[in-house]
Amino acid sequence: MNWQPVFLWSDALIFALLAAVLGLAVYIRGREHLVEPWRAVARRPMAMGAALVLAVFVLIGLADSLHYRERLPDGPDGTAQVSGEVLSAFDVLLGGLRTETEKTYSAPLAIRLYAMEFVERGGRQVRDYPRLQYGGAHLADDAALWADIVTRSAAGMLAGTALAAALVVLAGVWRARKRGITLKAWFRRAWRGECNYPARTLAVMLVAILATTGALVSLSQAYHVFGTDKVGQDVLYITLKSIRTGLLIGTLTTLVTLPIAVALGIAAGYFRGWVDDAIQYVYTVLNSIPGVLLIAAAVLMVQVVIEAHADAFDTAAARADVRLLALCLIMGVTSWTGLARLLRGETLKLSGLDYVDAARAFGVSHARIIGRHIFPNVF
């Protein structure tokens, strides 16, 4: 192989979370009382449209979590060598967006730099906006810019729409065969909204997503669609690469926050007394500390660990990955207080209801009351 797989801690967490979600889906599928709420969600057009958009983000995040390092030619003594740069499968799909960097800032879809420089023209030096090295390099002059942009956008949108139409037809053939009706009859039912899911909304969203993707792909082959940043990197590339970071921060921070908030919030509202006082004291003190100080302290601690174990973090990607995980952890530890306060109030209300008092009178244990009555109602 001319590449070497790389496994980061965040990659393992992402795929472990994916496996847990798939296992939960299999568990729910065999229980009708758990399936019915999801069917109710699936009948909502807004929910399914958002789910389709989220699925696209998740696919990008998963593709960006398959990391590898390229192999270099063997050394003089025959030892295998690999590149120090860690890439992902998504970088391969993005093609030249990662490598086609300019000198500095440029505007979206521009063919010239944002700042004026001295350029040679007609044998003399003049101040002008120099042409970009990659953006619009195929154009002979500036006059053809917008015509080329419109042509490429239209071609990309047409290709994306055609792909979306093909997928909709394939889905229609599958559903029509499953229901034992003709394709025309299924399309009629879908257009009238007679299916048990919003087929029309899904089709419209699929067309919009693929048409937009087609236009972006077509334009990005010749231009910097969102321009370039201070060091000349393509902003569209940076934007797409940030999807994995956003998903990681959102999911891992939530996974750290929820158990702490649920456990402490319910305990404070149910047991009251000194337990309530102690928990309130903890989150009051935590709220009084600026979050940026805790984040800075965590980053400094992680830096010390990295320097002490340099062999375990031999690439820039590995060092950035452990810093990101530390950021998720400290954000989760510091952001549970608001939810815990809310759950404490809900638990105070629920613990005074008649059926909870009846359970206590019958000698039911605290753990069973919390598990059967309190937690499901605050869930």
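How much space lies in the second largest pocket? In this predicted model, the second largest pocket holds about 880 Å³ of space. Let's look around its walls and then visit the largest pocket.

**The second largest pocket**

Lining this pocket are 28 residues, and those closest to its centre are Ile-60, Thr-213, Leu-216, Val-217 and Leu-240. Four helices each give two or more residues to the lining: α3, α4 (89-94), α7 and α8 (235-271). Of these, α7 gives the most, with eight residues. By kind, the lining of the second largest pocket is made of 20 nonpolar, seven polar and one charged residue.

**The largest pocket**

Now for the largest pocket, where about 1,200 Å³ of space lies. Its lining is built from 31 residues, and Ala-42, Met-48, Asn-196, Tyr-197 and Leu-202 lie nearest the centre. Two or more lining residues come from each of α1 (9-29), α2 (32-42), α3 (45-63), α5 (145-179), α6 (183-192) and α7 (199-220). Which element gives the largest share of this lining? That is α7, with six residues. The lining residues of the largest pocket divide into 25 nonpolar, one polar and five charged.

Here are the two linings by kind of residue:

| Pocket | Nonpolar | Polar | Charged |
|---|---|---|---|
| Largest pocket | 25 nonpolar residues | one polar residue | five charged residues |
| Second largest pocket | 20 nonpolar residues | seven polar residues | one charged residue |

As you turn the structure, try following α7: this helix gives six residues to the lining of the largest pocket and eight to that of the second largest pocket.

Technical notes: Residues numbered from 1 in each chain as written. Predicted model: local features only at pLDDT ≥ 70, side-chain atom pairs only at ≥ 80, totals over all residues. Heavy atoms only, no water. 1 Å grid on protein atoms, 1.4 Å probe; cavity = no way out; pocket = protein on both sides within 12 Å on 5 of 7 lines; lining within 4 Å. Points joined across faces, edges and corners; volume = space filled by probe spheres on them. Nonpolar A, V, L, I, M, F, W, Y, C, P; charged D, E, K, R; others polar.
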